[in-house]
Structures are given as C-alpha cells and as structure tokens.
Amino acid sequence: MSCALWWVRRDLRLVDNQALNSALELVGQVVPVFILDERLLASSYMSEKRLAFLWCGLRELDRNLRCLGSYLVVRRGDPQAELRKLLQECQAQAIFAELDHTPYASARDQRIAEQLPVTWVGSPAAKPPGSVLKGNGAPFTVFTPFSKAWKALPGPQPGQRFSQPQQVASPVGIPSDPIPTLPELPEGFSFLPGEAEAQRRLADFLHTPIEEIDFHLPPVYHYAASRNQLDIPGTSQLSPYLRFGMLSARQAIAGAMQAIQDAPHLEARQSAETWLNELIWREFYIHMLYHYPSVRRENFRLPHVRWENDQANFQAWCEGRTGYPVVDAAMRQLLHSGWMHNRARMIVASFLTKDLLIDWRWGERWFMQQLVDGDPAANNGGWQWTAGTGTDAAPYFRIFNPVSQGLKHDPQGRYIRRWLPELRRVPDEYLHEPWKMPPDLQKAAGWFIGVDYPAPLVDHSQARERALLAYKQDRN
Ligand SMILES: Cc1cc2nc3c(=O)[nH]c(=O)nc-3n(C[C@H](O)[C@H](O)[C@H](O)COP(=O)(O)OP(=O)(O)OC[C@H]3O[C@@H](n4cnc5c(N)ncnc54)[C@H](O)[C@@H]3O)c2cc1C
C-alpha cells in the first residue's frame, strides 16, 4: 500500500496520534485531511468561539505538518462524499482515523465504514467505551465503581514518553479549500489554539509553581483545595485542548500518574489523585453518552420534573442579570471568555434548574453555544448531575445557595469584581448580597440597586422550597 488518508477529527495533534502513527507504519505517503461537515456547522449547538478556536487550531496543525514535509488538506461538505473523492484524487487505498464516540459521529462513521476502507485507531478517551464494563458486561452508571474498574485496566503509565513523527511524506499538489477566517477569536482570548500551547499548559500545571498559589510546588499539588477557588488559576485550564485532541487524554493521564508517584508528601499526592479523578470523570461521561445516547435528549432519572421555563428569567440568566453576583460574574465570564470555572458551572447550573426551575436542556444548549471546550459528553453529564436527573447525580435536594457559594469560593470578591464592573462602588461587605446595602449608603456611593445592578430575580429561600416541591411531586 503506498498512500493513505489520515482523517483528522477530534485529534488536532501530532504528538501521541495513534491514527497518524498507524498510517505511517503501513504506507509510504499520508494525506492529512480535515472535512468541514456542513451539518455540524449548521447545528444549534454550534459556538462561534469554539469554531474560531477550531479554525486557528487547524492553521496551527497545518503549520506543524509543513515543518514535517506535509500539509493539511481541508474540504467542505459531506464527509463520505469528500473522502470518496479524495481517495481517488490521491490514489489512496486506506483511511485512518481516531474514533469519535458521540451519537452523531458514531452513526455517521458506521455508515462511512460500510462504504469506504476506514481503520479506526485510538480514541478521545484513554480507555474507550466498551473497555470498562461490569463483570456481567453491562456499563457502569455510577462513577466510583467505574473509576475502580478503569484504574484496574492497563493504560497510560507514569513516565511514559509520547512522541511525534519526524517526517510525514505526502503527495504534492492535492488542492485544499481555505481554512475559514471568520468567526475570529475574541480580543484578549486566553486560550491560544494549538498543541504547543497544550503541551506548555500541561508542563506548567505539573511542574511550575505559580505565585498565586505557592512558590514551591506546582499547581497539581494544590489542586484538591485550589480547584474550588474562583479567584485563582487553580485548575489546569486544559479542557479546550482535550476537547479538540490538541493534547491526548493518554498523555494528560500519564502526567497525573507521574505527579502521584513524585508527590513530596501525602497531601500533595492526594491532590494529584484528585486531578486524575477529574480526568476519569471525563472518561466516565464519554462512556455514558456512548452507552446511553438518549441522555442527550432525556433525563436519565426523574423523567417528569415540572419545569417553569420562564423565557425572561432564562434571558436574564444568559446575560448575567439575575441579581446574584456570583451567578452573574460566572455568566459574564462565559459570555466574554468562552470558558467558566467548574465550581461556577455547578453554581449557575443549580441556579437555573433549581432556583429558576428551567429545564437543564436550555442551559446545556446555551453552554454549548458559548463554551470553547463545549463537549457533548461532559456538558450533558455536568448538567444532568447538577439538575439531579443524571447518572450518579447530585441528590435532587442539593440546591446551591448562591450567596454562601460566593462567600466560600470567592471570599475577597475578586472574581465578582473582575467580571461585574458595575459593582465597583459596592463595599466588600455587601458584594455578595448588594440588595442589602442600606439606602443611605447607596445614595452616598451614587449606586442604586434596581438601577445600576438588578435586584435578585427570585428570593433564594422561597425558590428553594418551590424547587423541593417540584422535584418531590415528581417522585410521587
Ligand atoms: C454544568 C457543567 C457543564 C460542563 N460542561 C463541560 C464541557 O462542555 N466540556 C468540558 O470539557 N467540561 C465540562 N464540564 C466539566 C468541567 O467544568 C470542566 O471540564 C472544567 O471546568 C475544565 O477546566 P480545567 O481544564 O481547568 O479542568 P481541570 O480541573 O484541570 O481538570 C482536568 C480535565 O479533566 C476534565 N474534567 C474535569 N472535571 C470534569 C468533569 N466534572 N466532567 C468531565 N470532565 C472533567 C476536563 O477535560 C479537564 O480539562 C462541565 C461541568 C458542569 C458542572
């Protein structure tokens, strides 16, 4: 066999790319191909920021391929038709591609594999769906036993080295459509697309102490405590890179394992283990969506919660105008940066589904339209967990109090002040509950609740009772 296509999908990287490596082992020439699937581009889950991140990531991949003697061929249209054309144009005999386990991709890929010579190699998960099952062959629906079984299976090892090919030979002159330039990434966007940045972030998180946390130990060794702080960069911020495969899950997991092994003391070790656990949560949700694709549309549990679905309340939530500063700061972070801290995701998702009694699917869709790391499996899992409708979900009676969550996870109010400039004249003591600021202080500050910042959309304690009732009724 002399030529094959490497069909790039959610694996925009050269390091640890099993599909690319398999193609290179078998054939003399490889044509890297990315197909802009019109149906995905038209989806109501599409996000401009994620699309811009993808376009820049493709340009970066093309630059990296050119350093190895190759280039990226981009085509637009139906993947099956485009692949068929390319096989002919390149006189290629085979297609190599990494699996994609989402329901849409699985169905599409199955159809393509019936018609074209595709070999699937590798997965966005380090241990793909089907490999982690109960003794009776059924899928796990609870995280802890899943993670135990996951850990017992062979997989990435501490100290494992991941390399990239030294050379990729490709036939010359295969025409490519231009990579779109619009939409553009927003100004000041904090995620530089591409695998070099992903590698830098991983190395920094695992090896470089940062001033905001500790001068001596890298962030991974403080993760258990600092991951819940909204006002410090206590997490890896690798999610967009894992989402697009600019970093392989295997490499991140091997890094976590190495950190566990090298930990200087017990607390540091436990922190690194907590980080590994989060990577396993990612795997768990990939497996869940694969085995139970209906969760994309339906509650996994509690099938008939009576949502109120007030459109005006939903709009206020989307725009960060609920009157609860920590909720609004988080929603503005999402709007402006395309990313949100995990603790904040839980707070705003709880507020939407419990305080406002709005269907988690509305929030899920809004997140997908905004998030640069928007991922069908993790996003669905996170929403159903918080709404109390999912697998292994938070119990329905766990309702986050937006004031105490703010006080606990942003005690100095730095996160709130960063994203809500309209609260700059509110003194610290009222920052988490600005509606309690006495009228004479409001007058002195020239700042008025209901004018400069909205009064709370709902009273949290009343909303809590209402949610408990709505969820309890459903249980009867
Ligand atoms: C309502 C809701 C929606 C979410 N939507 C998404 C989404 O669309 N895409 C997404 O990648 N994550 C999603 N998450 C999970 C989590 O919030 C993000 O993965 C995390 O905030 C990313 O930040 P980080 O890279 O600094 O994570 P770290 O804390 O450094 O964790 C490392 C990696 O582990 C994975 N991870 C961490 N926590 C989770 C989790 N709870 N579930 C699944 N994977 C996890 C991510 O890939 C992350 O990059 C959602 C969570 C909630 C509650």
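Two strands count as paired here if DSSP finds at least two bridges between them. Helices (H or I, at least four residues) and strands (E, at least two) are DSSP runs, numbered from the N terminus. This is a predicted model, in which local features need pLDDT of at least 70 and side-chain atom pairs count only at pLDDT 80 or more, while totals for chains, interfaces and linings use all residues. Residues are numbered from 1 along each chain as its sequence is written, and side-chain values use heavy atoms, with hydrogens and water left out.

**Stop 1: the whole chain**

Begin with everything shown as a cartoon. You should find 20 helices and five strands. The C-alpha atoms fill a box of roughly 80 × 50 × 50 Å along the principal axes. The radius of gyration, taken over C-alpha atoms, is 24 Å. For 476 residues a compact globule would come near 23 Å, so the two values agree; the globule rule is 2.2 Å times the number of residues to the power 0.38.

Now switch on the surface. The accessible surface is about 20600 Å², and carbon and sulfur atoms own 51% of that area; the areas come from the Shrake-Rupley method with a 1.4 Å probe, and for residues only the protein chains shown count as cover. Of the 476 residues, 56% count as buried (buried is under 20% relative accessible area, exposed over 50%, partly exposed in between; 1.4 Å probe, protein chains only). Contact means heavy atoms within 4.5 Å. Among contacts between residues at least 6 apart in sequence, 76% join residues at least 24 apart.

**Stop 2: strand β1**

Select residues 3-7, which form β1. Five of its five residues are buried. Show the side chains: Cys3, Leu5 and Trp7 point one way, while Ala4 and Trp6 point the other. In a regular strand the side chains alternate between the two faces of the sheet.

Which strands pair with β1? Add residues 29-36 to see β2, which pairs with β1 in the parallel sense over five bridges. Then add residues 94-97 for β4, parallel to β1 over four bridges. On the β4 side, Ala4 stands opposite Ala94. On the β2 side, Leu5 has Val31 as its bridge partner, and Trp6 has Pro32.

**Stop 3: across to β2 and β3**

Select helix α1, residues 18-26. Together β1, α1 and β2 make a right-handed β-α-β unit. To check the hand yourself, point the strands away from you: the crossover is right-handed if the path from the first strand over the helix to the second runs clockwise.

Stay on β2, where seven of the eight residues are buried, so this strand is largely enclosed by the rest of the structure. Next, select residues 73-76, strand β3, which runs parallel to β2 and is joined to it by four bridges. Leu36 has Arg76 as its bridge partner in β3.

**Stop 4: two cysteines**

How many disulfides are there? The count is zero, a disulfide being a pair of cysteine sulfur atoms within 2.5 Å. Draw a distance between the sulfurs of Cys3 and Cys90: for Cys3, the nearest cysteine sulfur is that of Cys90, 5.5 Å away. Likewise, the nearest cysteine sulfur to Cys90 is that of Cys3. Cys3 counts as buried at 3% relative accessibility, and Cys90 is buried with a relative accessible area of 7%.

**Stop 5: three residues and their neighbours**

Go to Ala52 in helix α3, residues 48-67. Is Ala52 buried or exposed? Its relative accessible area is 0%, so Ala52 is buried. Leaving out residues up to four places away in sequence, Ala52 touches Pro183, Glu184 and Leu185. For a sense of scale, draw a C-alpha to C-alpha line from Ala52 to Phe143: these residues are 91 apart in sequence and 33 Å apart in space.

Next comes Gln370, in helix α15, residues 360-370. At 9% relative accessibility, Gln370 counts as buried. With residues up to four places away in sequence again set aside, Gln370 touches Ser47, Lys49, Leu334, Leu335 and Gly338.

Finish at Thr235, in the loop between α8 (223-226) and α9 (239-243). What does Thr235 touch, not counting residues up to four places away in sequence? Select Phe205, Tyr223, Arg227, Trp339 and His341 to see these contacts. Thr235 counts as buried, at 16% relative accessibility.
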